[in-house]
Amino acid sequence: MNPVTASAPGKLMLFGEHAVVYDHPCLVTAADLRIYVTFTPTDTSTVTVHSSTTPQPYTFDLADVAQPTQNYPASIAFVMAAVAQIAQQHPLPHGFELTTMGPPLSYGLGSSSAATVATVKGLAELLGLSLTDQELFHLAYQAVLNVQKKASGFDLAAAIYGGTTYFWTGGKRIEPLKVPQLPIVVGYSGSKVGTVSLVQEVYRLYQTLPWAIAPIFQLSEQIVEQARHCLLAGEWELLGKLMNIGQGLADSLGVNSWQLSRLIFAAREAGALGAKLSGAGGGDCMFALVTDQSRQPVEEAIEAAGGQLVKLPLNGEGVRLER
Ligand code: PMV
């Protein structure tokens, strides 16, 4: 049997972070930072995982990998959770080597979700199973929940469908949108607080002050709906204003950071139509909406404020098998 390789893109959250965990929508676009997962069948009864982020491969007994809740090292937790999702339903007939490859720095732009999706897709192909995109989403989502407990799954939708997607918690609605090329500049703040701990912090805040947080989530939903319209119509000026309001909401949830703020204000002062953080917050990336004229000054301002420009094609292709 021949090796099988699947690849999937990362993501940039545009609008609706945190609220999307609590039954509200968000907008996400695929970032073409692809993770490749290769399955090489063997005649052993083991699974060996090679990851560019770990110095040594890990080997497991074929009989054990169907357990979804093993304590795997963090660097391979998502791919092993994805393997378990398939192995629980379809006994693995033989062993294999699984190799993941991706860029050395992922900027918090969705390398775990891309690896999870590419693993499910590749292993299904190796076993001759055909999965619809929806089935692929639900298997990958269950894998992520087994590792992370609380997550909306928006990043999996970006990895599967590519492009720009309107997404509702748990994949209740996943609507690929036909949007033009996004005039966006992305800046990396240089650090990261784990998504899981930020999601938990917002959860605790919601428990403590539901009367304050529920309306923020509700407003986030309205912003997402309006932003969806602006994206489809190319109404960039209004979209920029919505980004600034979205940033204010993220700040109210307590997930902004000094470094993100520096980059966001630098971008706005250099002429961006709007700027906000992307994702859980606490670090990772911000993005700014620019015109042809303001692109260069905004890029320079982000760098001068200590940010690193991330030049990735957005709106990229979803999961695919590599031939
Ligand atoms: O930090 P990121 O880019 O993985 O984004 C997390 C987005 C949240 O809404 C906070 C969590 C989620 O699962 O939707």
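**Exercise 1. Contacts of the ligand**

How far is an oxygen atom of the ligand from an N or O atom in the side chain of Thr-195? Using this predicted model, find that distance, and then describe the surroundings of the ligand.

*Solution.* Begin with Thr-195, where an N or O atom of the side chain is 2.9 Å from an oxygen atom of the ligand. The protein covers 93% of the 380 Å² of accessible area that the ligand has on its own. Next, look at Lys-11, whose side chain has an N or O atom 2.9 Å from a ligand oxygen, and at Ser-152, for which the corresponding distance is 2.6 Å. Finally, widen the view to the 14 residues that surround the ligand, of which the closest are Lys-11, His-18, Ser-152, Thr-195 and Ala-280.

**Exercise 2. Backbone angles in two loops**

Locate His-18 and Asn-315 in their loops, and state the phi value of each residue.

*Solution.* As background, most residues other than glycine have a negative phi. His-18, which is found in the loop between strand 1 (4-15) and strand 2 (25-41), has a positive phi near 70° although it is not a glycine. His-18 counts as buried because its relative accessibility is 6%, and buried means under 20%. Asn-315 belongs to the loop between strand 11 (308-309) and strand 12 (320-322), and its phi is also positive, at about 65°, in a residue that is again not a glycine.

**Exercise 3. Helix 2 and its cover**

Describe the span of helix 2, decide whether the helix is mostly covered or not, and name elements that cover its buried residues.

*Solution.* First take the span: helix 2 runs over residues 111-126, has 16 residues, and reaches 22 Å from its first C-alpha to its last, which is close to the 22 Å expected at 1.5 Å a residue. Then consider burial, for twelve of the 16 residues are buried and the helix is mostly covered; among the buried residues are Ser-113, Thr-116, Val-120, Leu-123 and Leu-126. The cover over these buried residues includes strand 1, strand 2 and strand 5 (96-101), together with helix 1 (74-89), helix 3 (133-148) and helix 4 (154-161). After helix 2 comes Gly-128, which has a positive phi near 75°.

**Exercise 4. Strand 6 and its partners**

Work out how the two faces of strand 6 are arranged, and which strands pair with strand 6.

*Solution.* Start with burial: strand 6 (residues 164-168) is mostly covered, with five of its five residues buried. On one side lie Thr-164, Tyr-166 and Trp-168, while Thr-165 and Phe-167 lie on the other, and both faces are covered. Turn next to the pairing with strand 2, which is antiparallel and extends over five bridges; here Cys-26 has Phe-167 of strand 6 as its bridge partner. Strand 6 also pairs in the antiparallel sense with strand 7 (residues 173-177), over five bridges. In that pairing the bridge partner of Tyr-166 is Glu-175 in strand 7, and Thr-165 stands opposite Pro-176 in strand 7. The last step is the hairpin of strand 6 and strand 7, in which four residues lie between the strands and Gly-170 takes a positive phi near 70°.

Methods: Residues numbered from 1 in each chain as written. Predicted model: local features only at pLDDT ≥ 70, side-chain atom pairs only at ≥ 80, totals over all residues. Heavy atoms only, no water. Buried < 20%, exposed > 50% of the residue type's maximum accessible area, 1.4 Å probe, protein only. Expected span 1.5 Å × (residues − 1). Contact = heavy atoms within 4.5 Å. Pairing = 2+ DSSP bridges. Near = heavy atom within 4 Å. Polar contact = N/O pair within 3.5 Å; in protein donor to acceptor, adjacent residues only side chain to side chain. Areas by Shrake-Rupley, 256 points an atom, 1.4 Å probe, with all protein chains shown as cover.
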